[in-house]
Amino acid sequence: MKKVCVYSGSNLGNKEEYKDCARMLGKILSENGMELIYGGSNVGLMGEVAQEVLERGGKATGVIPTGLFPGQIINQDLTLLIEVNDMHERKKTMADLADAFIALPGGVGTYEELFEVLSWSQLGIHKKPLGLLNVAHFFDPLLNMIDTAIAEGFMNPSNKSLLLVDTQPQGLIEKMKNYSSPDLGIKWKQLSERKI
């Protein structure tokens, strides 16, 4: 697990602990020699994670769609900035580069990215660890929604094991290091052979 893709908000949120936890995640990534893969911005929680990684001498790669965002929000201190054509290519590039995924609190974009890689894991398209950094129990409603989907027969209970959850960055990273993809009984051979 050398490259970790982090999905997070472009805002800081209303609680100081969101920012503190984002900074702590950047510190942990750097201390473990893990490169950050993320959306390339210098704002919000994503900017905090990247800044901490870079300040500690770590590597951070940003992936930005050409012309979509104002230049002033692009982090100019990145180890590498990759420009792509659109959001679809951005997400694919980030997923291809990453050995693992972590979601911090965020909004619609964070949810979309999280659920896309979760669904790919469910389908057997990848077997990379996926973690939720449940800062201040931000993701509790989402986890409750997954439990409801399981209880109502829309998800296999084994699918929940695809998500690693912790309230602290160090604990989450340790769980991800020790992750072994569960056997979900995927029968779709062609899907399991695809790589991202």
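Histidine 137 is found in the loop between E6 and H5, and this loop is a good place to begin a walk through the structure, which is a predicted model. Strand E6 covers residues 130–133 and helix H5 covers residues 140–151, with alanine 136 also placed in the loop between them. The backbone here deserves a second look. Most residues other than glycine have a negative phi. Histidine 137, however, has a positive phi, near 60°, and alanine 136 has a positive phi too, near 50°. As for exposure, histidine 137 is partly exposed, with a relative accessibility of 47%, and alanine 136 is partly exposed as well, at 27%.

Asparagine 134 belongs to the loop between E6 and H5 too. With a relative accessibility of 3%, asparagine 134 counts as buried, because the cut-off for that label is under 20%. Its side chain reaches towards the backbone of two phenylalanines: the backbone nitrogen of phenylalanine 138 lies 3.1 Å away, and that of phenylalanine 139 lies 2.6 Å away. Once residues up to four places away in sequence are set aside, asparagine 134 touches Phe139, Asp140, Leu143, Val165, Asp166 and Thr167.

Just beyond the loop, helix H5 contains asparagine 144. This residue is partly exposed, with a relative accessibility of 47%. Asparagine 144 is 98 residues from methionine 46 in sequence, and the C-alpha atoms of the two are 25 Å apart in space.

Methionine 46 leads to the largest pocket, whose volume is about 330 Å³. Of the 23 residues that line this pocket, methionine 46 is among the closest to the centre, along with Ser8, Ser10, Arg90 and Gly109. Which elements supply at least two residues each of the lining? They are strand E1 (3–7), helix H3 (87–97) and helix H4 (108–122). H4 gives the most, with five residues. Sorted by class, the lining of the largest pocket has eleven nonpolar residues, nine polar ones and three charged ones.

Helix H2, residues 44–55, holds glutamate 52. Is glutamate 52 buried or exposed? Its relative accessible area is 10%, so glutamate 52 is buried. The side chain of glutamate 52 has a polar contact, at 2.6 Å, with the side chain of arginine 56. Apart from neighbours within four places in sequence, the residues in contact with glutamate 52 are Arg23, Gly26 and Lys27.

The cysteines complete the picture. How many disulfides does the structure hold? The count is zero. Cysteine 5 takes part in no disulfide, and the nearest cysteine sulfur, belonging to cysteine 21, is 17 Å away. Why does cysteine 21 lack a bond to cysteine 5? The sulfur of cysteine 5 is the closest one to that of cysteine 21, yet at 17 Å it is too far for a bond, because a disulfide requires two cysteine sulfur atoms within 2.5 Å. Both cysteines are classed as buried: cysteine 5 has a relative accessible area of 0%, and cysteine 21 has a relative accessibility of 7%.

Definitions and conventions. Residues numbered from 1 in each chain as written. Predicted model: local features only at pLDDT ≥ 70, side-chain atom pairs only at ≥ 80, totals over all residues. Heavy atoms only, no water. Buried < 20%, exposed > 50% of the residue type's maximum accessible area, 1.4 Å probe, protein only. 1 Å grid on protein atoms, 1.4 Å probe; cavity = no way out; pocket = protein on both sides within 12 Å on 5 of 7 lines; lining within 4 Å. Points joined across faces, edges and corners; volume = space filled by probe spheres on them. Helix = DSSP H or I, 4+ residues; strand = E, 2+ residues; numbered from the N terminus. Nonpolar A, V, L, I, M, F, W, Y, C, P; charged D, E, K, R; others polar. Polar contact = N/O pair within 3.5 Å; in protein donor to acceptor, adjacent residues only side chain to side chain. Contact = heavy atoms within 4.5 Å.
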